[in-house]
Amino acid sequence: RCYILSNENGKIQLSLRQSRLNPKSNSKVDDVEITCVKDVKKGQLVRGYIKSIAPSGVFFGLSTSLLGRILFQNVSPYFVQKHSLYEKYLPEGKLLTAKVLGINGKEKHIELSLLPQDTGMPSVLPESLGLPRYDAEEEKREADHQEKREELKLKTKRRRGNSERYAKGTRKIHWDQAEELHRVGKKIKLHWRLAKIRNYSIWEAKPKKRKICPADENDSGIEVYYREEEEDDQEEEAARKKSKIKKPGEAPRLQVSTGFTWDEDMNAVDIPVLNQKEESSESEEEEDPQSKLKKQTKKEKELEKQRKEKELCKLEAALMDPSRQPQSADDFDRLVLSSPDSSILWLQYMAFHLQATEIEKARAVAERALKTICFREEQEKLNVWVALLNLENMYGTEETLMKVFERAVQYNEPLKVFQHLCDIYANSEKYKQAEELYHTMLKRFRQEKSVWLKYASFLLKQGQTEATHRLLERALKALPTKEHVDVISRFAQLEFRFGDPEHAKALFESTLNSYPKRTDIWSIYMDIMIKHGSQKEVRDIFERVIHLSLAPKKMKFFFKRYLDYEKKFGTPESVLAVKRAALEYVETKSSLADT
């Protein structure tokens, strides 16, 4: 028993859910039916089937109309470099449990996870594969970052200790020296306050941003600036310093590089740039051009960014052009992702790899197509199987060809697969293999008329007319009687095209003598004789037909054909003779009707 969900365009969708088969039963439903995005909630555990594996992730079917996506980092805790490994352990149609990570209701996107910590299930990839874990990589990176941070802190403490030792005795600057420092034009914004202590002034730097820079004995620059005031009372100054040390929010004290003294030339003082390499005091004059060069580099980076954005826009516009032909594997991946059931796109993708002599990649594309195309699209799948048979016939071995052929017979109608392989053998001039396959077909499909006709065509193309005659006798013995007339007619047509025309005429004549009222055979005979025979032979056939005792409607059809033939190939006298014969037939029929 099953429940019919829909019946549209000759496709029936069925359901085996007990809740549908027995709606009155109150049994608990394990998997609640999901019909739209609103039925799914964040954090919910859902069960579904693997639909396909694409470069963007694994697509997970929650219902016939709703798909979710699982990013590769959410499929397994192990890092997988080759995504073909997922195809082995996640075949199409496999039932799994996933957790909903996020929902985009507008675009109807559902992000899922198969990780064991989310679902409580074992990992889809076994631990025996020996793959590296994501968290192991993250722990390693975090340890490296932590080690670098510790080294940076240690260097900062060393510089800060050196700076504080030198800053203790050098906090006061003479007014003239400070004025000279101000005229240098460096990026130090000084705020001056007058003090009551003798003729000295206390200076302070307004802190903008704390900078950490490598220090050297030859590098004399002020890195971190601070605010500090001196009062007459030394005790108040000491208390103020203690309070400043306790308050973490205030700026740190002035720090200077090792080897700096206030007696040196003021032109040697400069502000170090973040992450700048160690330079000697003699090269400080070159710092201005370097900083200007860095400013230009930022502009160039901005221009480069704008140029890349323009190129990206052009590329997106080109990708949206429907007339654009794919030129790379990524282009084909986008196309097959948008139309996964189109066998033409998959065959073009295979041809793209074959042009580059990438046989294995072409095989992989064919296998991927067979897994991706919907099982309802039987003809599309058959096209891919035929393409794979052609590929193995041209580039593979007989063993690989037979393996693909056996798989194709299992998944498609066997007769169609046999016929396509025969055509492949014939087109590639492998006549011996083709003949052996035809013998197998005659044993397996004795009651199929098309098999006998296809083998007859193959024999006639090889010039084996006598074998064709024997084959006709075998066909008449194997096939039912109702098929005999049609088979003889088809064999005669093949004889006209590839074999002996005289033998074909004899077949038609014997058939028409046995079945004179088969107007379809008369029409076929006329068409072939008009194409291959002489005018005398054609006129003889028409004269025989118009003197038969057939229904008036059929006689009208033959008289009309006779008249058209004479108008095209005959003379006015012959046209008049046909009209006279038709008039006599009508008069004879009317007289018989009167009597």
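**Aromatic pairs and a hairpin**

So, let's start with Phe352: its relative accessibility is 25%, so we call this residue partly exposed. Keep in mind that what we're looking at is a predicted model.

Now, who is Phe352 paired with? That would be Phe332. The two ring centres sit 5.3 Å apart with the planes at 45°, so this is a tilted pair. Phe332 belongs to helix α8, residues 329-338, while Phe352 belongs to helix α9, residues 343-355, so the contact bridges distant parts of the chain, 20 residues apart. And is Phe332 buried or exposed? Phe332 is buried, because its relative accessibility is 5%.

Okay, second pair: Phe496 and Phe508. Here the centres are 6.3 Å apart and the planes meet at 40°, so again we say tilted. Phe496 comes from helix α17, residues 484-498, and Phe508 from helix α18, residues 501-514, so parts of the chain 12 residues apart get tied together. Phe496 has a relative accessible area of 6%, so that one is buried. Phe508 is at 1%, so Phe508 counts as buried too.

How many aromatic pairs are there in the structure? The count is 17. There's also an aromatic cluster to look at, made up of Tyr431, Tyr438, Tyr455 and Phe458.

Last stop, back at the start of the chain. Strand β1, residues 3-8, runs antiparallel to strand β2, residues 11-15, and the two share 5 bridges. Together β1 and β2 make a hairpin with 2 residues in between. One thing to spot in that turn is Asn9, which has a positive phi of about 55°. And across the hairpin, Glu8 faces Lys11 in β2.

Conventions. Residues are numbered from 1 along each chain as its sequence is written. This is a predicted model: local features need pLDDT of at least 70, side-chain atom pairs count only at pLDDT 80 or more; totals for chains, interfaces and linings use all residues. Side-chain values use heavy atoms; hydrogens and water are left out. Two strands pair if DSSP finds at least two bridges between them. Helices (H or I, at least four residues) and strands (E, at least two) are DSSP runs, numbered from the N terminus. Rings of Phe, Tyr and Trp (its six-membered ring) pair if their centres lie within 6.5 Å; planes under 30 degrees apart count as stacked, over 60 as edge-to-face and the rest as tilted. Buried means under 20% relative accessible area, exposed over 50%, partly exposed in between (1.4 Å probe, protein chains only).
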